[in-house]
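Okay, let's get going. I'll put the structure up, and then we'll walk through one residue and a couple of pockets.

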Amino acid sequence: MRILASALLCLLIAAAPAEVPIGRFQTWLSSEKVPLAFTSGGVAVTVTPLPCPAQPVGDSSCKWDGYNNQGAVTVSAPGVAPIVVRTAASSSYARIAVATLRQGDPRPGVIIESQSGGSSGALTLQVLVPTRDGYRVVSSEAAGIRLQGQLDDAPRDLSGDGRIDLVFDDPAFGSVFGCNACTPRPPLIVTVRDGRLVDESRDPALRSVFRADMARWQPVCLSTVRYRNGACAAYVADAARARLLPSAWAAMRNHHEHGDGPWEWCDLPRSAWKEPRCPPGHTTRYTSFPAALRAFLKRAGYLPG
């Protein structure tokens, strides 16, 4: 009888969701089609693969194994009704963490990254914000914010305003001054404010983040290695956010790689193109890296237009 009780206890322990520290991301791979369950900070999270036809259009895996690449994420906490959200339809894996989003919240929130993978590393961010009686979902798609990279464990308040700051990479720099996989991206920092996700990268309280990123790319930009102009672009963009542009610009002009380019940019959004290329009369050509960089940083919002 004692042996049977011990065996039953072991089964119950094995079946119980894993307890992980608050702020630590857990990864769910859509290709494995295996459920994931964990608890953190009193919040329980389960991820289950969705069968077809929940998302049959655009997902070729449905015809092979009967599953799409989405997962259903169920979040539950004591005293509130569970909420279910789906990972993005285009994701190949998801990273999920329970985190304290703001001082004074009734319970921790949940952060979901739906990652597409590849060198672009595009992602969709969903944040479950705690309310008095449940959760409210805010997302990067609804806010119109493009993101790349991935969050580090234990994201925290960097600006001192009591809200968590989420540091990603700015996808605007991809393939602009070098190959996509080897082009550095400056930080892009978002937070939840007034019930929506906002880009707070221009907040003066976050300048230390960009000063630290400047220190990463300055040695590369000021070196003699080939293909360093991508690092120079990130270095100068960081300097613009950190209010250290004049000295960084002068250093870039003395050390950037010559002979690269030319660069061409269209003054129309891609949605306005009628063909794969920019319509005639809307392209500006740059043969100088400093001139191209200045124009790009204006377009990307780092310098005044």
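Does T131 count as buried or exposed? A quick note before I answer: this is a predicted model, with pLDDT of at least 70 needed for local features and 80 or more for side-chain atom pairs, while totals for chains, interfaces and linings use all residues. Residues are numbered from 1 along each chain as its sequence is written, and side-chain values use heavy atoms, with hydrogens and water left out.

So, T131 counts as buried because its relative accessibility is 18%; buried means under 20% relative accessible area, exposed over 50%, partly exposed in between, with a 1.4 Å probe and protein chains only. Where is T131? In the loop between β9 (122-130) and β10 (135-139); strands here are DSSP E runs of at least two residues, helices H or I runs of at least four, numbered from the N terminus. Beyond its neighbours within four places in sequence, T131 is in contact (heavy atoms within 4.5 Å) with P106, R107 and R136.

Zooming out, the chain has seven helices and 16 strands, and 46% of its 305 residues count as buried.

Now the largest pocket. Pockets come from a 1 Å grid over the protein atoms alone: an open set of points where a 1.4 Å probe fits, with protein on both sides within 12 Å along at least five of seven lines, and lining residues have an atom within 4 Å of a point. This one has 20 lining residues, with V176, W265, C266, R270 and R299 nearest its centre. β15 gives the largest share of that lining, three residues.
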